[in-house]
Amino acid sequence: MSRPPVPVPGCAACEELATRRDEARAAFDGSAETDAKVLLRQHQGREHGGPPAAGRRIFRYVPYSIAQDASAQPEYEAYCVSGEEADCGASSGPRQAPAEVEEWQRLHTQETRHLRYRRSFAAYAVLEKQD
Ligand SMILES: [Zn+2]
Ligand SMILES: [Zn+2]
């Protein structure tokens with residue numbers, strides 16, 4: 001029994017139990033309030049995946065967690081934006097490490113005298129249903 005259960009938006013059962021709890025509280029009916037809280041917690045454990053696992057970022061009210069995708073490496077990339085009217089457009093392609101991208105930039109600058117690059121970093125994330 002940790003934090004109080006919060007109704008999940010759009011879930012009729014949550015709404016019904018939360019309303020029952022709020023009405024019991026308003027009527028100073030402590031045991032009815034506790035009953036509704038327990039039912040709400042049980043319902044959420046069944047229907048919404050229960051309490052979040054430790055060490056994960058959790059969307060409030062939504063039973064999904066977001067984690068770095070361990071099966072895919074982050075990607076570093078540089079794109080040459082030198083040029084008078086249009087970008088040169090040469091690209092390092094996705095690389096596994098920033099040093100590889102810098103090496104590509106040095107070579108490209110050596111060959112072309114181009115000096116401006118747009119650099120990007122991409123990582124993969126997966127949403128996991130809590131259950
Ligand atoms: Zn619900
Ligand atoms: Zn270039």
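These legends walk through several close-up views of a predicted model.

**View 1. The whole chain, to get your bearings.** Let's start with the full protein chain, which holds three helices and five strands. Followed along the sequence, these elements come in the order α-α-β-β-β-α-β-β. Of the chain's 131 residues, 13% count as buried. If you take the contacts between residues at least 6 apart in sequence, 54% of them join residues at least 24 apart.

**View 2. The largest nonpolar core.** Which residues make up the largest nonpolar core? There are six: Y76, A78, C80, V101, W104 and Y117. Strand 3 (75–80) and helix 3 (98–112) each supply at least two residues of this core. Strand 3 gives the most, with three residues.

**View 3. C80 and its surroundings.** Here we zoom in on C80, one of the residues of the largest nonpolar core. Leaving aside residues up to four places away in sequence, C80 touches D87, C88, G89 and A90, and also H108, H114 and Y117. Among these partners, Y117 belongs to the largest nonpolar core too, while H108 is a buried residue of helix 3.

**View 4. The two sides of helix 3.** Helix 3 is 15 residues in length and reaches 21 Å from its first C-alpha to its last, close to the 21 Å expected at 1.5 Å a residue. Which residues of helix 3 are buried? They are V101, W104 and H108. These three lie on the same side of helix 3 because they cover an arc of only 60° around the axis. Turn to the other side of helix 3 and you will find A99, R106, L107 and Q110, which are exposed. Strand 3 and strand 4 (117–122) are included in what covers the buried residues of this helix.

**View 5. Just past the end of helix 3.** A small backbone detail is worth a look here. Just after helix 3 comes R113, which takes a positive phi of about 65°.

**View 6. Strand 5 beside strand 2.** Our last stop is strand 5 (residues 125–129), which pairs with strand 2 (residues 64–68). How many bridges join strand 2 to strand 5? There are five, and the two strands run antiparallel. To pick out one of these pairs, look for Y64, whose bridge partner in strand 5 is K129. Strand 5 is hardly covered: among its five residues, the count of buried ones is zero.

Methods:
Residues numbered from 1 in each chain as written. Chains lettered and ligands numbered in written order. Predicted model: local features only at pLDDT ≥ 70, side-chain atom pairs only at ≥ 80, totals over all residues. Core = buried A, V, L, I, M, F, W, Y, C linked by C-beta atoms within 7 Å. Buried ≥ 20, exposed ≤ 12 C-beta atoms within 10 Å, placed from the backbone. Helix = DSSP H or I, 4+ residues; strand = E, 2+ residues; numbered from the N terminus. Contact = placed C-beta atoms within 7 Å. Pairing = 2+ DSSP bridges. Expected span 1.5 Å × (residues − 1). Arc of directions from axis to C-beta.
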